[in-house]
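Reader: Please take one part of this model and go through it closely, strand by strand, and then place it beside the other pairings and packings that can be described.

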Amino acid sequence: MATVAEMLDKVARECRAPVPNNWVSSLTTTSMDLKDYLSDTIDELLERIDWPDPITKDTTITGTGDEDYDLPADFKRLTRDPYTVYETTTTRRPGVPISSNGAWTALKQMGSAGGDRYFRTSGNEEDGYQISFYRNPSASESITVSYVSTNWLSTDGTAGAEFDDVNAILLLPRRLVEEGMIWRFRRAKGQAYADRLNGYEAMLARHANDKRVIRRVDITGEAKVRSPFDIPVPDYIPQA
């Protein structure tokens with residue numbers, strides 16, 4: 001796999017820009033610009049696709065009877081999946097997302113019939129994120145949360161988000177990151193960039209499609225993929 005520095009070298013040559021001796025410590029205007037374009041590209045890729053582990057991760061929350069729980073420090077966003085939050089029990093019941101403050105306030109004031117558990121996330125990248133639940137999980141309950149982390153490189157086998165080692169390995173597809181940086185560089189310099197942007201978007205679409213498991217045409221409506229969670233499991237299974 002390519003190191004981040006090797007990828008930056010290639011982008012610099014493609015852009016006819018000078019290649020510094022050390023990308024981590026270089027403070028020249030061009031190298032700082034390229035590192036900014038790298039950061040912008042990484043941020044966009046993490047927002048648009050649920051990449052595999054170690055970028056997308058799971059965390060298990062053990063209930064304490066409280067409403068709010070801290071999410072991991074590397075949390076960026078929840079995965080876009082119906083089972084991004086689910087109860088780690090034999091029922092494997094998915095959580096129901098609440099997107100507005102008004103709906104959350106009404107839910108807490110009026111309550112809810114049935115066994116569904118509702119959740120919402122709050123916070124920001126500077127102060128961290130939290131997840132809140134209604135009904136509050138008890139000490140005997142646990143909930144799994146699947147999320148996209150801020151990780152995009154690996155240093156000595158440890159995934160991370162800070163480029164502070166020239167030997168760090170890029171975890172995202174190299175060519176995709178390169179194209180994302182090149183079109184941004186060209187746009188900033190007033191050069192023609194539409195062809196590189198189109199190539200980047202086409203490549204990004206292919207990677208997005210590769211994360212899906214639907215590989216058939218359905219003219220009767222939306223295609224549905226069977227999930228392991230579709231198989232019902234009772235709350236109590238007697239021993240043989």
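Author: A convenient place to begin, in what is a predicted model, is threonine 121, which stands opposite isoleucine 131 in strand E7. This pair belongs to the ladder between strand E6, residues 118-124, and E7, where seven bridges join the two strands in an antiparallel run. The connection between E6 and E7 is a hairpin, made through three residues.

Isoleucine 131 also serves in a second pairing, for it is the bridge partner of tyrosine 69. That contact is part of the pairing of strand E2 (residues 68-70) with E7 (residues 128-134), which is antiparallel and extends over three bridges. Strands of a sheet pair in general through backbone hydrogen bonds, and the sense may be parallel or antiparallel.

A further sheet involves strands that come later in the numbering: three strands form an open sheet in the order E10-E9-E11, with antiparallel pairing. Strand E10 (158-160) and strand E11 (169-170) stand at its edges and have a single partner strand each, so that one side of each is left without a neighbour in the sheet. Between strand E9, residues 153-155, and E10 there are three bridges, and these two strands run antiparallel; within E10, alanine 159 is the residue that serine 154 stands opposite.

Turning from strands to helices, helix H1 (residues 4-14) packs with helix H4 (residues 174-188) at an angle of about 40 degrees, the axes lying 10 Å apart. The two helices are therefore oblique to each other, and the crossing in which H1 passes H4 is right-handed. On the H1 side the contact is made by Glu6, Met7, Leu8, Lys10, Val11 and Glu14, which meet Arg174, Arg175, Val177, Glu178, Met181 and Ile182 of H4. Sorted by class, this contact of H1 with H4 comprises six nonpolar and six charged residues, and no polar ones.

Charged side chains also deserve a word of their own, since the salt bridges in the model come to a count of 21. One of them is formed by the side chains of arginine 80 and glutamate 47, with an N to O distance of 4.0 Å. This pair links distant parts of the chain, 33 residues apart: arginine 80 lies in the loop between strand E3 (75-78) and strand E4 (85-87), whereas glutamate 47 lies in helix H2 (residues 29-48).

How values were computed. Residues are numbered from 1 along each chain as its sequence is written. This is a predicted model: local features need pLDDT of at least 70, side-chain atom pairs count only at pLDDT 80 or more; totals for chains, interfaces and linings use all residues. Side-chain values use heavy atoms; hydrogens and water are left out. Axes are lines fitted to C-alpha atoms, for helices over the stretch in contact, and angles run from 0 to 180 degrees between N-to-C directions. Helices (H or I, at least four residues) and strands (E, at least two) are DSSP runs, numbered from the N terminus. Angles under 35 degrees count as roughly parallel, over 145 as roughly antiparallel, 65 to 115 as roughly perpendicular and the rest as oblique. A crossing is left-handed if the near helix is turned anticlockwise from the far one by less than a right angle, and right-handed if clockwise. Contact means heavy atoms within 4.5 Å. Ala, Val, Leu, Ile, Met, Phe, Trp, Tyr, Cys and Pro count as nonpolar, Asp, Glu, Lys and Arg as charged, and the others, Gly among them, as polar. Two strands pair if DSSP finds at least two bridges between them.
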